[in-house]
Structure formats: structure tokens, C-alpha cells
Amino acid sequence: MKRQKRVVAIHDISCVGRCSLTVALPIISAAGFNTSVLPTAVLSTHTGGFENFTYRDLTDDIRPISQHWQSLNHSFDAIYSGFLGSFEQIDLVAELFDTFRTDDNLIMVDPVMADNGELYSVFSPEMAKGMAKLCAKADIIVPNLTEAAFLLDAPYISRGYDQKYIETTLKKLSQLGAPKVVLTGVSFEKSKLGAATYDAETGDIHFLFNDCIEGLFHGTGDIFGSTLLSALLRDFSLADSTQIAVDYAHECIVKTVELDQEKRYGVCFERAIPYLIKRLGL
Ligand code: PXL
């Protein structure tokens, strides 16, 4: 029997609002993987659409937690980082990558810091430079179009771009150092939304879409990343994994609209877990 793969998810805990660890842990666990967490901060809610949220920065805990795991000789088949609690955490997470990197594990960085052309309120512009350094250490990076613009220090273009622009952006992103890039939030026509993938080793580029449902749905980037990682660990190709992630995020939004849920509380990913399980062939 095959050994159960182990994943560590490095994100914040937004206690209310269904994003970061409160979606990564259930999704990656549902996909059958032994999922550990390294919380980067604890917030009462996420930062999008809520005021007066609490913010406990856990920067000082990262190194001791990592050192304890090292003393146990613990290892991970995948390391997945997302929202970091402070600028200093970039170097600490880079150090953790160096410590737990093996010949065959997968390091995925979602450079969570911005959306819709704007940095999240808790971050300063220096975060983008630091995130680019962290991306250089990854096997695969998963920025949205806004994060791509910050990483490349380029203007953010929200719509009206063509396929060539996305292809050039993918290649520039991979030059940061990660051989695989999945760019999210790509749309060439109003009715379709999805992602573009690039594998610098083969030169392959793919575009994967589903129907676009109008609106801003919180936490879908983390749902996308957690699903993408789960499908890759189930040995689906990069393009197939991305299509599964696009489709599952879409399915979660469909459920949220059906149930008429308030958008800032995140999407009803729980109701679409049976769909995900089927798509992953479990
Ligand atoms: O989903 C990304 C995310 C993660 N963590 C926190 C956030 C956000 C997006 O707003 O605020 C705390």
C-alpha cells in the first residue's frame, strides 16, 4: 500500500470568513493527505470587507516550530505557503523551505498579498519584493493577475489583454525562479474565467476556463491553490490539476449563489466537497 503523503500548509488563521487555513486544511485533508499547519497569524476575520479585525502576528513562533519538527526528523511531501503574517516571515519561510526541501517534494508558493489591482491593507509595497524572493525558491507559484503585476513591478491590467500578454507574463514570472507558474483570474471574454499554466521545462502553455459568475468571492484563491496542490499530489498533470481547481472553485461559487450567502463570509466550499472527491477519483 502506498504511504499517505504529508503536506504542511503555511497560512494565517482567519477565524471567521473561510479563507487561508480554514479552507486549506479541510480541502487538502478531504483529498486524502495528512495535513499539518503552520499558522502565520491569527485574525478574528480576514481583511477583506471587515473592519476592526484583531491581528496576532506569529512571526516569533515560526522558527521554534520548524526546529521542533526538525528534531523529530519530520518530512513533508509538499509545502504550501500563502498569506504571511509579516515581512520578516518571508526569510523565515525561505529558511523552512531550505530545511525541509528534499529531492522529490513539492514547494508551492501562493504569493498572497493583493487582488483587484490593490495590495491588501496590512501589507506595504516592500512585501512584493520579498515575495518575489520567496517565489524563486518554489517549484510552482500561483499568483493572481494583481500579484503578478506586483511581483514583476509592472502595471496592473484588469481586462482587454490578449493571449500573447498572458504568455509573456507567465514567462516573466517563471524567470523569478519557479519552473511552473499558474496565473489565476485570467479572462479573455466576459462569460469565461480561469487560469493559465506554464511549464518552463517543456515550454507548454495551457488555458483552462469555466463560466464566470459576476462578483468578488472571498477565499477562492486559497480554494484554488489547495485544490491545485491536491490534484498535483494525486498525480494529475499541471493542466488537468488546474482545470480541476478552476471547476471546483466555480462549483463552490454556484453553491454560494444558490444558498444566497453573504459574500464576505467566503464560499460554501463544504457543499461542493463531494464534487471535488469525485473529480480527484477518490
Ligand atoms: O484569501 C486570501 C487572504 C488570506 N488571509 C487573509 C486575508 C486574505 C484576503 O483578503 O485577508 C487574512
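Helices in this tour are DSSP runs of H or I with at least four residues, numbered from the N terminus. The model is predicted.

**The whole chain**

Begin with the entire protein chain on display. Its secondary structure comes to nine helices and 11 strands. Along the principal axes, the C-alpha atoms fill a box of roughly 50 × 45 × 40 Å. The radius of gyration is 17 Å, which agrees with the value near 19 Å for a compact globule of 282 residues.

Colour the chain by burial next. Of the 282 residues, 51% are buried. The accessible surface comes to about 12,900 Å², and carbon and sulfur atoms account for 49% of that area. Among the contacts with a separation of 6 or more, 69% join residues 24 or more positions apart.

Then select the charged side chains. There are 25 positive and 36 negative ones, and the centres of the two sets lie 4 Å apart.

**Helix 7**

Select residues 220–233, which form helix 7. This helix has 14 residues and reaches 20 Å from its first C-alpha to its last, close to the 20 Å expected at 1.5 Å a residue. Helix 7 is mostly covered, with 13 of its 14 residues buried.

Within helix 7, pick out Thr 227. Is Thr 227 buried or exposed? Its relative accessible area is 0%, so Thr 227 falls in the buried class, for which the limit is under 20%. Which residues does Thr 227 touch, apart from those up to four places away in sequence? They are Ile 27, Ile 244, Ala 245, Tyr 248 and Leu 276.

Move on to Asp 235, just after helix 7. Asp 235 takes a positive phi of about 70°.

**Helix 8**

Now select residues 238–258, which make up helix 8. From first C-alpha to last, the 21 residues of this helix reach 30 Å, close to the 30 Å expected at 1.5 Å a residue. Helix 8 is largely enclosed by the rest of the structure, because 15 of its 21 residues are buried.

Centre the view on Cys 252, which is found in helix 8. Cys 252 counts as buried because its relative accessibility is 0%. Leaving aside neighbours within four places in sequence, Cys 252 is in contact with Ile 223, Val 267, Cys 268, Phe 269 and Ala 272. For a distance to display, take the C-alpha atoms of Cys 252 and Thr 220: the two residues are 32 apart along the chain, and these atoms are separated by 8.4 Å.

**Asp 260**

Follow the chain to Asp 260, just after helix 8. Asp 260 is found in the loop between helix 8 and helix 9, the latter covering residues 273–279. Although Asp 260 is not a glycine, its phi is positive, at about 55°. Asp 260 is exposed, with a relative accessible area of 68%.

**Asp 153**

For the last stop, select Asp 153, in the loop between helix 5 (145–152) and helix 6 (163–174). What is the phi of Asp 153? The angle is near 50°, a positive value in a residue other than glycine. Asp 153 counts as exposed because its relative accessibility is 75%, and the exposed class begins over 50%.

Definitions and conventions. Residues numbered from 1 in each chain as written. Predicted model: local features only at pLDDT ≥ 70, side-chain atom pairs only at ≥ 80, totals over all residues. Heavy atoms only, no water. Helix = DSSP H or I, 4+ residues; strand = E, 2+ residues; numbered from the N terminus. Rg over C-alpha atoms; globule rule 2.2 N^0.38 Å. Buried < 20%, exposed > 50% of the residue type's maximum accessible area, 1.4 Å probe, protein only. Contact = heavy atoms within 4.5 Å. Areas by Shrake-Rupley, 256 points an atom, 1.4 Å probe, with all protein chains shown as cover. Lys, Arg positive; Asp, Glu negative; His and termini not counted. Charge placed at Lys NZ, Arg CZ, Asp CG, Glu CD. Expected span 1.5 Å × (residues − 1).
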